[in-house]
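This briefing covers two pockets, one helix and one strand. The points are grouped by topic.

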Amino acid sequence: MTATIDPFHAISISRVAHRMSAAGEPVIHMEFGQPSTGAPPRAIARAHEVLDTDGMGYWESVALKARIARHYQETYGVDIGPEQVILTCGASPAFVLALSCAFAPGARIALARPGYVAYRNTLKALHMVPVEIGCGEAERFQLTAAAVAALQSSPDGLIIASPANPTGTIIEDGEFAAIVTVCQRRGIRIISDEIYHGLSYVAPARSALEFDRHAFVVNSFSKYFSMAGWRLGWLVVPAEQIDAARARMGNLFLTPPSLAQHAGLIAFDERNVLEAHVDTYRANRALLLEALSAMGLRRIAPPDGAFYIWADIGHLTDDSLAFCERLLRETAVATAPGIDFDPANGSRFMRFSFAVSTDRVLEACRRLAPWFSEVGRR
């Protein structure tokens, strides 16, 4: 029997938004975590050079794998071998590789709720069982060691995301270490999604590899490196899983795009450009937090990192999908309904992405303020 996969409702919102754009309406896209900044100029220049001189083909960049391995030593103080780095077509295939290497169909995998919609649906597609851990305001919408320890039967795996999507929350160092300790004691394998590393507005995020050398770590060039459309990511695998991961990558996906690998190697060292992007997101975050509070949206998850605001709209609606659809049609601002990320309580939440340019954030706030005022009066 094939698995039943839930729809990604933000995609349907986006389809409506693009139809509106095609009809001439000035839509502001805050429904996806897609940087508006683009790849660093030197990375783009390298891509042009490669297009003119290299026929390309199936290829793994040894230099890029070595640079990623060096990144873990420089950033986290963790030594890994380049052979532990599997280059992938973005974070999504990396996640599939990790799950299929570490678990068999029927495995029970715990994850936070709210959490990224594709975690739950990818688990279902691979015939694994999502074990959702409800994380509310008291837990800063994040996993805790106590919540993992309280699970009646030990799951086979645990997905950790810090910073998280949709909330942007970061797990504090001591709590992260405690979660890993619980997992090690109960024999729970960790998969850590670190795609939003580099996008932190409080303390830097910690890698799971700092606490557990047997964790699988997923990352990508889509967020911090502002290269979403280039479809390039990576998976760090434990040494004992290298052969299994390479076999799956070769059979399922072959290699990531050659052009993206050339550009990615340059992007890794364009830190001045990339940190300027983070400064933009930081400014957008402050603007949006102030504006939403003035609109009456004050119950917000702490956006420690990433580029999202997870806002409680329960005083306005119990149908976040209809709410976001109406908001789009009446203001031309596209947002994401909470039911994508939390099937239990998401009907009273919505997610704003502030990955757009600052002028777009300001314009969105100008449109949203009177709209929320009117909805609040109703």
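Contact here means heavy atoms within 4.5 Å. By that criterion, the buried residues of helix α9 pack against α2 (41-53), α3 (62-76), β2 (85-88) and α10 (271-294). The model is predicted.

**Helix α9**

- Helix α9 spans residues 258-267 and is mostly covered, with eight of its 10 residues buried.
- The buried positions of α9 are Ser258, Ala260, Gln261, His262, Ala263, Gly264, Ile266 and Ala267.
- The partners of these buried residues include two helices that return below in the second largest pocket, α3 and α10.

**Largest pocket**

- The volume of the largest pocket is about 620 Å³.
- Its lining consists of 26 residues, and those closest to the centre are Ser92, Tyr116, Ile195, Lys223 and Arg231.
- At least two lining residues come from each of α4 (91-102), α5 (117-125) and β7 (216-220).
- Sorted by class, the lining of the largest pocket holds 13 nonpolar, nine polar and four charged residues.

**Second largest pocket**

- The second largest pocket has a volume of about 400 Å³.
- A set of 24 residues lines the second largest pocket, and Thr75, Tyr76, His197, Gly198 and Pro204 lie nearest its centre.
- Each of α3, β7 and α10 supplies at least two residues of this lining.
- The element that gives the most to the lining of the second largest pocket is α10, with four residues.
- By class, the lining of the second largest pocket divides into 12 nonpolar, seven polar and five charged residues.
- Strand β7 supplies at least two residues to the lining of the largest pocket and at least two to that of the second largest pocket.

**Strand β12 and its partners**

- Strand β12 covers residues 349-353, and five of its five residues are buried.
- In a regular strand, side chains alternate between the two faces of the sheet.
- In β12, Phe349, Arg351 and Ser353 are on one side and Met350 and Phe352 on the other, and both faces are covered.
- The charged residue Arg351 is thus listed among the buried positions of β12.
- Strand β9 (residues 308-312) runs antiparallel to β12 and is joined to β12 by five bridges.
- Within the pairing of β9 and β12, Ala311 stands opposite Met350.
- Strand β11 (residues 336-337) also runs antiparallel to β12, with two bridges joining them.
- On the β11 side, Ala336 stands opposite Arg351 of β12.

Notes. Residues numbered from 1 in each chain as written. Predicted model: local features only at pLDDT ≥ 70, side-chain atom pairs only at ≥ 80, totals over all residues. Heavy atoms only, no water. Buried < 20%, exposed > 50% of the residue type's maximum accessible area, 1.4 Å probe, protein only. 1 Å grid on protein atoms, 1.4 Å probe; cavity = no way out; pocket = protein on both sides within 12 Å on 5 of 7 lines; lining within 4 Å. Points joined across faces, edges and corners; volume = space filled by probe spheres on them. Pairing = 2+ DSSP bridges.
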